[in-house]
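This briefing takes up three topics in turn: enclosed space, one buried strand and its partners, and nonpolar packing. Please read it alongside the sequence and the coordinates.

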Amino acid sequence: VWQKFALKEFVDKDEFQQEFIRHVETTLARSMYNCDDLAAYQAASQAIRDRLIVAWNKTQQKHTTKDRKRVYYLSLEFLMGRAMDNAMLNAGVKDITKQGVADLGFNIEDLLEQEPDAALGNGGLGRLAACFIDSIASTNYPGWGYGLRYQYGIFKQRIVDGYQVESPDYWLTFSNPWEIPRYEIQIDIMFYGYTRKYTNDDGKVVHVWEGGEQVQAVAYDVPVPGYGTETTNNLRLWASKPTREFDFEKFNAGDYESSVRESEKAETISAVLYPNDNFYSGKELRLKQQYFWVAASLNDIVRRFKKTHRPWKEFPDQIAIQLNDTHPTLAVVELQRILIDMEGVQWDEAWNIVTSTFGYTNHTVLPEALEKWPVPLFQNLLPRHMEIIYDINLFFLQQVEKMFPKDRDLLSRVSIIEESTPQQVRMAFLAIIGSHKVNGVAELHSELIKTTIFKDFVTVYGPDKFMNVTNGITPRRWLHQANPKLADLIASKVGSYDYLKDLNLLKKIEPFAHDSKFQDEWVAIKKFNKARLAAHIKQSNGVDVDVNALFDVQVKRIHEYKRQQMNIFGVIHRYLSIKAMTEEEKKEVTPRVCIFGGKSAPGYYMAKTIIKLINAVSEVVNADADVGDLLKVVFIADYNVSKAEIIIPASDISQHISTAGTEASGTSNMKFVLNGGLILGTVDGANIEITREVGENNIFLFGHLAESVEDLRHKHRFSDVPLDPNLAKVFEAIESGIFGDHSIYGSLISSVTSSDYYLVSDDFQSYLDAQKLVDQDFKNKDTWTSRSITAVANMGFFSSDRAIDEYAESIWNIEPITLD
Ligand code: 26Y
């Protein structure tokens, strides 16, 4: 098998070392005598990169000559994390590299630590895109990712005085060995200006878009190596640069300095990732980013298609484009514009091509996350696109009118244009109308979009346009890379590492769930991972935690709907209970370490208040001698992909406790279970399907169901719902000032006591009951371990390889291409 993808490998350790030394001495212009860890990381990366490039070239040539349909995954976020370990694994050179650098006096772990995370995303949606491109390569599909090359990724988080403080993530300080600049690929992108139409000699009406600002898109390619295959796909990221012709007049007028300053503004378009997760804010620069990226990508795709000299109607036979949420929806309009304005295709034929090409994935039902651009802003920035949207809308509404005559209400409900002041462009509606398939990301979520936010479109199109593709995660990064010892133990029972490509093979460990030798090894690995995390916590927080305690983890973006506030209220309840215990009673307590992590959007006041409360509680609890090791509370700063790789394998329990119906899927829930942790969760998103797969004995579920949420909210609005009594005691404690100035938490408490939109009070008792069960069950070590093993054995379904196969089969209509 390994023979087949020899392109990516080194013949032996010697070959690796020669390459390494060559890169130290020539690429880096250093000597081996003054080669520090950073230089060694860069040299090793360069050596591996060379291999990837060879495989990348071969793959691209093969895909071009095979000339089959390809998929392009458009995502404004790719939360990649570090590349080196993944590249070594997927290229099959991990052992050689490890030994190679060791012989030269380096420790591979230290080199890996040198690499900054490529944190070009906020959370779940961005990380999903990263898992998906890994799977597209690993399953040999011809597919590219298209994104933006932000100079600043998601901000770095520090905790100062208990509060989140943001600082910029300038991740490109040292050159990035994992990207290949393509300075020759430059595309002009236009903004603003005006439109004109005229009748040409053939009597045809021609639309032109003129004037305005121009910038240039430059391509940077990131090779995406598949695991156990030579296939190496491409992630193309665009950077904005001034155009060569920028502001010639000003130059000539002698205003040199201000002209240069103006031209530098072009680079700001791709400079920074917007740090909002699941929250829309209508900033013009954001729309500019979206158009810049979409226009560059489509130009590239169309250029490649035109080289094949096929007729336009074959475009959808060659190309599938997937929209990762509504962020790339302008692509629908841009392709229509290219076809009708630039290529002279008739409207109807063009529109057929467009809708056959695109698929749209929705990731949220939260109203505050749905993109709606004000028409005046849109019109000013993209005048021709606005006209085309009006036409798309007109033809669509005419069609609806024919099907449902005189239903004016329906027409206004499905219109792309919301009739508010000012009018707004509803991007999700445009994405639905412009695509042939719309999918949600977990079963419940895919049902919910059909019955709530997109209900009227089911009426118009029928149910078949809407489908489900449950999310998945790549087992390469989230098992082998994050938890190599567990990966090895599993391989010893499966008989090989084939399960990393065919995750259903995990089933083979199920017979060992009660095998005491296997259990011992399983437990030892969990303990090792907990010790690794404990060391990190000691270093970053200065807190000693006991590895025998139950590690309870909630790490994800801080958001009210994810209910970290409920978790910390539960921790306070636990603290108060312990404080009220006799020494005798304390002996029965299951010691716990409650671990939190996650970033708040910089402008999200409530989320920032939650972080402050967690840290305030942590300070009091950790210093309380009455409590000792029975309870520790830790907030780990700057949660990111690399930290996830340390935290996730160390958990006994992780919390996925969103208000039912609000978390579309969740993907970290899958990562935790795959690493032998059990879930404490609500009946929401992918938790439901995880339960189906692992069995309801191997998960702790609680809380109201999605179907009751509406009624409960209604009750809160129209009557006085008494506060849960345990929660009332928690609020009294906060208000007594034991966690410092309580006025800080006023709004957090009143959000629960007044409307309780996220139903914290309604679910609190059920949450405490579930926690109690966790405490009891954790004491029974053998049963706990067998549940952990059984759960892992049944996680095959959640491989992103499976998700990609489903997209390929039912949306993209593409097939794998192998290189031999
Ligand atoms: C409007 C814009 C500012 C915006 C930016 C980021 C809107 C949404 C987002 C991010 C959304 C997101 O991360 N959604 C998550 O997608 C995951 C992958 O499908 C799901 O698992 C998760 O439940 C969902 O919250």
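The count of cavities of 30 Å³ or more comes to six in this predicted model. About 910 Å³ of space lies in the largest cavity, and 48 residues line that cavity. The points below describe this lining, then strand β19, then the largest nonpolar core.

**Largest cavity**

- Closest to the centre of the largest cavity, among its 48 lining residues, are N122, G123, G124, L125 and D277.
- Three elements give two or more residues each to the lining, namely α6 (124-138), α25 (641-647) and α26 (668-674).
- Helix α6 provides the largest share of the lining, with four residues.
- By residue class, the lining of the largest cavity divides into 18 nonpolar, 18 polar and twelve charged residues.
- At the domain level, domain 2 (67-82 + 117-470 + 805-812) and domain 3 (526-775) each contribute at least three residues to this lining.

**Strand β19 and its partners**

- Strand β19 spans residues 550-555 and is mostly covered, as six of its six residues are buried.
- In a regular strand, side chains alternate between the two faces of the sheet.
- In β19, L550, D552 and Q554 point one way, whereas F551, V553 and V555 point the other way.
- The residues on both sides of β19 are all buried, and they include the charged residue D552.
- Strand β20 (residues 592-597) runs parallel to β19 and is joined to β19 by six bridges.
- Within β20, C594 is the bridge partner of D552.
- Strand β22 (residues 653-656) also runs parallel to β19, and two bridges join this pair.
- Within β22, S654 is the bridge partner of V553.

**Largest nonpolar core**

- The largest nonpolar core holds 229 residues, of which W238, F569 and W812 touch the most other members.
- Helix α9 (residues 284-306) supplies the largest share of this core, eleven residues.
- Where does this core lie with respect to domain 2 and domain 3? Both domain 2 (67-82 + 117-470 + 805-812) and domain 3 (526-775) give residues to the core, so the core lies between them.

**Domains in summary**

- Domain 2 and domain 3 recur in two of these topics: each gives at least three residues to the lining of the largest cavity, and both give residues to the largest nonpolar core.

How values were computed: Residues are numbered from 1 along each chain as its sequence is written. This is a predicted model: local features need pLDDT of at least 70, side-chain atom pairs count only at pLDDT 80 or more; totals for chains, interfaces and linings use all residues. Side-chain values use heavy atoms; hydrogens and water are left out. On a 1 Å grid over the protein atoms alone, a cavity is a set of points where a 1.4 Å probe fits but cannot get out, and a pocket is an open set with protein on both sides within 12 Å along at least five of seven lines; lining residues have an atom within 4 Å of a point. Grid points are joined across faces, edges and corners, and a volume is the space filled by probe spheres set on the points. Domain bounds come from an automatic or database domain assignment. Buried means under 20% relative accessible area, exposed over 50%, partly exposed in between (1.4 Å probe, protein chains only). Two strands pair if DSSP finds at least two bridges between them. A nonpolar core is a set of buried Ala, Val, Leu, Ile, Met, Phe, Trp, Tyr and Cys residues joined through side-chain atoms within 4.5 Å.
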